[in-house]
Amino acid sequence: MKKIALITGITGQDGAYLTELLLSKGYEVHGIKRRSSLFNTDRIDHLYQDPHDDDQRLILHYGDLSDSTNLIRIIQQVQPDEIYNLGAMSHVKVSFDTPEYTANADGIGTLRLLEAIRILGLEKKTKIYQASTSELYGLVQAVPQSETTPFYPRSPYAVAKMYAYWITVNYREAYGIYACNGILFNHESPLRGETFVTRKITRATAKIAMGLQDKLFLGNLDAQRDWGHAKDYVEAMYLILQQETPEDYVIATGVTTRVREFVRLAFAEVGIAIEFKGEGAAEKGYVVSCSNPDFQIEIGKEVVSVDEKYFRPTEVDLLIGDPTKSKTKLGWQPKYDLQHLVREMVAADVDLFRREKLLKDSGYSIRNQFE
Ligand code: NDP
Ligand code: GDR
């Protein structure tokens, strides 16, 4: 019997990689996509299957985590064996601008799914994965952060995710639902949203090298993150739902890196060496050398500046995860290290902007200038 999965947030970074993984394992995959005024399925378009095919295994439904009736109807129709709740307003900085919406989608959205399972009497059939986050640790209490480290959320996003974390634990304990939290540390890829710091850096690296952008403006260069590859992390999501008993797991690499260092690594991929000078908001990054003959860049050029508009009212300074439990219990092992991740992201953006440069050189305007 083929298994049926339902993914909220299927059009996001993780949704795309998870869909690929589950299809490769023979699943029938249903996804919830939001109605938008433009197409929003770019990340999964390569997986499209004709609805007229008898063996269609990827099926999308319009929906939203803020709409209980919609969620109940979809779950009733799909009767999923597994739900992966990846849908969320996932940008920490934006959550300070849209706190109420974030609480609704990221916090109460999780409750709506759990309640739908109860209302439909699927407690013994449907397993659910909740996309929890290292942002729960927030203000540093102890490092490395593990399943037993206390939480201290530092943004409306993290507070909403904290509600989702505990309501998942509560429904597991109260109603015997196979409900688990994956506490995932930052994970990136060429599919990462353009306003998260890694992708912002790799895009700017490619554009600056090609003369399509003058400078990269960033916020807190001192922040430290435990960055992994999304492809490795969706494997962990799957494994978490295949265990005998439902439990919560930290998924991380155990290595932390500053934003500033990520910038250096990215520019190094295109042969440009960067040196940082100055402190705080006055810190700047300059080109020291360029070994790639494809890119004409002036030595000494200032290519990175700090713009305080990217600072957060409350910041999470240091994240470094302890993945011991997931490695021992799930047998999870990441295949990518940071160097490999940066290489793949920069190469993808260089490829993307080569095409954009061709368009610009032919007189067409460049899209997506807003950040
Ligand atoms: P993305 O921002 O790339 O994707 C989020 C997805 O959620 C998109 O498909 C988006 O739809 C959808 N979505 C947003 N709001 C709603 C809503 N109200 N109803 C239904 N769907 C909605 O996030 P990632 O793929 O990076 O992350 C997946 C999940 O994992 C998120 O919950 C995130 O908070 C969490 N997480 C991510 C980590 C990371 O480092 N990537 C680490 C830890 C947790 P649309 O495409 O239309 O915008
Ligand atoms: P984060 O990711 O907040 O950790 O949340 P993000 O890439 O946005 O920020 C990481 C760190 O970089 C600093 N930073 C900047 N961030 C952005 N976005 N833009 C900048 O210009 C910039 N300059 C410096 C930030 O201050 C921060 O310290 C991500 C999301 O995917 C969440 O959904 C997820 O839960 C967590 O990772 C784990």
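## Around ligand 1

Of the 26 residues that surround ligand 1, the nearest are Gly9, Gly12, Gly87, Ala88 and Ala131. Two elements, α1 (13-24) and β5 (127-133), each give two or more residues to this shell. Helix α1 makes the largest contribution, with three residues. Sorted by class, the shell around ligand 1 holds eight nonpolar, 15 polar and three charged residues. Please keep in mind, here and below, that this is a predicted model.

## Around ligand 2

Which residues come closest to ligand 2? They are Val92, Thr133, Val197, Gly219 and Ala223, out of 22 that surround ligand 2. Helices α3 (92-97) and α6 each supply at least two residues of the shell. By class, the shell around ligand 2 is made up of nine nonpolar, seven polar and six charged residues.

Both domains take part here: domain 1 (4-184) and domain 2 (197-224 + 258-315 + 337-361) each provide at least three residues of the shell around ligand 2.

## Two domains

The chain is divided into domain 1 (4-184) and domain 2, the latter assembled from the segments 197-224, 258-315 and 337-361. Their C-alpha centres lie 32 Å apart. Where the two meet, five residues from domain 1 and four residues from domain 2 make the contact. On the domain 1 side, the residues touching domain 2 are two nonpolar, one polar and two charged.

## The nonpolar cores

Nonpolar side chains tend to be buried together in soluble globular proteins. In this model, the largest nonpolar core has 65 residues, and Met237 and Ile251 have the most contacts inside it. Helix α5 (residues 156-175) gives the largest share of this core, nine residues. Apart from it lies another core, of 29 residues, including Ala209, Val270, Val304 and Met345.

What does Ile251 touch, leaving out residues up to four places away in sequence? Its partners are Gly182, Ile183, Leu184, Phe185, Tyr233, Ala236, Pro323, Ser326 and Trp332. Two of these partners, Tyr233 and Ala236, are among the buried residues of helix α7.

## Helix α7

Helix α7 (residues 230-240) is mostly covered, with eight of its 11 residues buried. The buried ones are Ala230, Lys231, Tyr233, Val234, Ala236, Met237, Tyr238 and Ile240. Met237 is thus a familiar name, as one of the residues with the most contacts inside the largest core.

## Helix α10

How far apart are the end C-alpha atoms of helix α10 (residues 338-361)? They are 34 Å apart, which agrees with the 34 Å expected for 24 residues at 1.5 Å a residue. Following α10 is Gly363, whose phi is positive, near 95°.

The buried residues of α10 are Leu338, Leu341, Val342, Met345, Val346, Asp349, Val350 and Phe353. An α-helix has 3.6 residues a turn, so residues three or four places apart point the same way. Among the elements covering the buried residues of α10 are β7 (187-188), α6 (197-209), β10 (228-229), β12 (257-258) and α8 (259-269). Met345 also belongs to the core of 29 residues.

## A look at Tyr310

Tyr310 sits in the loop between β15 (302-306) and α9 (324-330). Is Tyr310 buried or partly exposed? Tyr310 counts as partly exposed because 15 C-beta neighbours lie inside 10 Å, whereas a buried residue needs 20 or more.

Tyr310 and Asn220 are 90 residues apart in sequence, yet 7.4 Å apart in space, C-alpha to C-alpha. Setting aside residues up to four places away in sequence, Tyr310 touches Leu218 and Gly219. Gly219 also appears among the residues closest to ligand 2.

Terms used. Residues numbered from 1 in each chain as written. Chains lettered and ligands numbered in written order. Predicted model: local features only at pLDDT ≥ 70, side-chain atom pairs only at ≥ 80, totals over all residues. Helix = DSSP H or I, 4+ residues; strand = E, 2+ residues; numbered from the N terminus. Expected span 1.5 Å × (residues − 1). Buried ≥ 20, exposed ≤ 12 C-beta atoms within 10 Å, placed from the backbone. Contact = placed C-beta atoms within 7 Å. Near = placed C-beta within 6 Å. Nonpolar A, V, L, I, M, F, W, Y, C, P; charged D, E, K, R; others polar. Core = buried A, V, L, I, M, F, W, Y, C linked by C-beta atoms within 7 Å. Domains from an automatic or database assignment.
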